[in-house]
Amino acid sequence: MQSVRPLWRRVVAIAASAVAASVALTACSPSAAPAPSTSQNASGDALDGSSITIGTYSPLAPQYEFWAAAYMKEFPNRKVKILPVSEDFTKYQQILSTQRISNTMPDLVFNVDFIANVFARDDLVLDLAPFLNEGKGGLTTANFLPQFLGQYRPLDAPDKITGLPVSADSTALFWNKTLFDKYGVTEYPTDSWTWEDYQRVATELQKKSNGAIYGATPPAEDGGSVSYWGPILLSTGAKIYDPATNTVDIDSPAALDGWKKMLAFYPDATGPYNTQGGDAWNFASGKFAMGVGSSAIVNAARSGLKKQEWDLARMPTVNGKHPSGGGSYAFSISATSTNVDAAWAFMAWFYDPQKGSLVAQSADGGSTIPPTLSGLEGGAWSKATIPANIKVLAQTAKDAQLMVAMPGSSQNVMTDATKTAFQEVLLKGASPEDAFKKAAETTNAALAEEAAKK
């Protein structure tokens, strides 16, 4: 499933932080959690004695355990149990669907942007819009960045909200100053860089290194990463998917302009095309002078580039726009929960900028960047000194252009088709016009098939 790759890489990066949290839970005393507050959370004393369960993707369980420990320290008469659902993400949804039938789903569940429509369609999670409209526990839609909250508005029922995003994961330009200096390139990235500046300097770096490094990671990865290529196409004027007509325009003149901007990086600025993943696209490996990367890989860069100086910049502009991509994972309340008030109280605490949000932003809590306006502006995450320009991630989150959800499996079909188009152009010499025309035809056929199921 090529469409999940960018999110999957984010989850893997986040899971690396969870390992640190696991160590902290084992080695640290309860003092690692924030001091108890004298204020009450949603529903106050009425929740004393309550107990909830939270189901999550297994590699993230230690991180969730850290959050739960902090919550129970503040509210010692409330219990939270973390339930690892599966370490195989392809089985995660299947397990929850089975639990839905037997009414054994956890009260809160890990939801994720690319599968949120499926969770809503299969009635696995509750509509949270009534609670937000009420301002229950102090939470409203105004607390969240609209594009990230919008990822949990079902395609067929956009007035509903089936999850509250945990993080604002967005893409920025990562760059390695040590490599710039080593190869005598002094034109460092700035927030005013254009896409043409990006390609030109990446090409210069690769040439001056005689191929010892690559100038940049592939801007569209292997061609199947919609969260990377999508914002570029939106910036060149393509719509990508139009719900009104149930069609894509990934072969339009505007889209082809975007595709050609990305394809032009091969091979002089980003090395030869490949489908290997891993270090082939990993800025933290030290093999790349620059690269478009998710904010979730900041921790990986801190670990992998300890002896090198690196930093962040806003995405280079395309037609005057900074084309950041993004994604998120979320908390959802299960459709079978009998502890809705207690589950909501946990979320009200979690998104409080002085309580759970601080826990989540800590290194042991996952170094998450909150999807809330208060969390972006001066949140604890922004106090880090490595990288020096970490605060730019607040701007890239606001810049983020997130994809319109597509029905059924059609997005998977589209991203497989765009990957194939990259291979046709770069490995077989096909024209972009022909390659992406085929990709559009394949995707539109899948969309028509999905529509016929209704």
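Two strands pair if DSSP finds at least two bridges between them. The views below show a predicted model.

**View 1. Strand 1 pairs with strand 2 in the parallel sense.** Strand 1 comprises residues 51-57 and strand 2 residues 79-86, and seven bridges join the two. Within this pairing, T53 stands opposite K81 of strand 2. The connection from strand 1 to strand 2 runs through helix 2, forming a right-handed β-α-β crossover.

**View 2. Five strands form an open sheet with mixed pairing.** The strand order in this sheet is 2-1-3-11-4. Strand 2 and strand 4 (164-165) are the edge strands, each of them pairing on one side only. Strand 1 also pairs with strand 3 (residues 108-112), again in the parallel sense, over two bridges. Here I54 stands opposite L108 of strand 3.

**View 3. Helix 2 packs on the sheet.** The strands touched by helix 2 are strand 1, strand 2, strand 3 and strand 11 (329-333). The direction of helix 2 makes about 170 degrees with that of strand 2.

**View 4. Helix 3 lies across three strands of the model, namely strand 1, strand 2 and strand 3.** Helix 3 spans residues 89-101. Relative to strand 2, helix 3 runs at about 120 degrees.

**View 5. Helix 2 crosses helix 12.** The axes of helix 2 (residues 61-74) and helix 12 (residues 340-350) come within 11 Å, and the crossing angle is roughly 100 degrees. Helix 2 is therefore roughly perpendicular to helix 12, because angles of 65 to 115 degrees are counted in that class. On the side of helix 2, the contact is made by W67, A70, Y71 and E74. Helix 12 contributes A345, F346, W349 and F350. Sorted by class, the contact between these helices has seven nonpolar residues, one charged residue and no polar residues.

**View 6. A salt bridge joins the side chains of E187 and R200.** The N to O distance in this pair is 2.8 Å. E187 lies in the loop between helix 7 (177-182) and helix 8 (195-208), whereas R200 belongs to helix 8, so the pair ties together parts that are 13 residues apart in sequence. A search of the whole structure finds 16 salt bridges.

Technical notes: Residues numbered from 1 in each chain as written. Predicted model: local features only at pLDDT ≥ 70, side-chain atom pairs only at ≥ 80, totals over all residues. Heavy atoms only, no water. Axes fitted to C-alpha atoms, helices over the stretch in contact; angles between N-to-C directions. Helix = DSSP H or I, 4+ residues; strand = E, 2+ residues; numbered from the N terminus. Parallel < 35°, antiparallel > 145°, perpendicular 65-115°, else oblique. Contact = heavy atoms within 4.5 Å. Nonpolar A, V, L, I, M, F, W, Y, C, P; charged D, E, K, R; others polar. Right-handed = clockwise from strand over helix to strand, strands pointing away. Salt bridge = Lys/Arg side-chain N within 4 Å of Asp/Glu carboxyl O.
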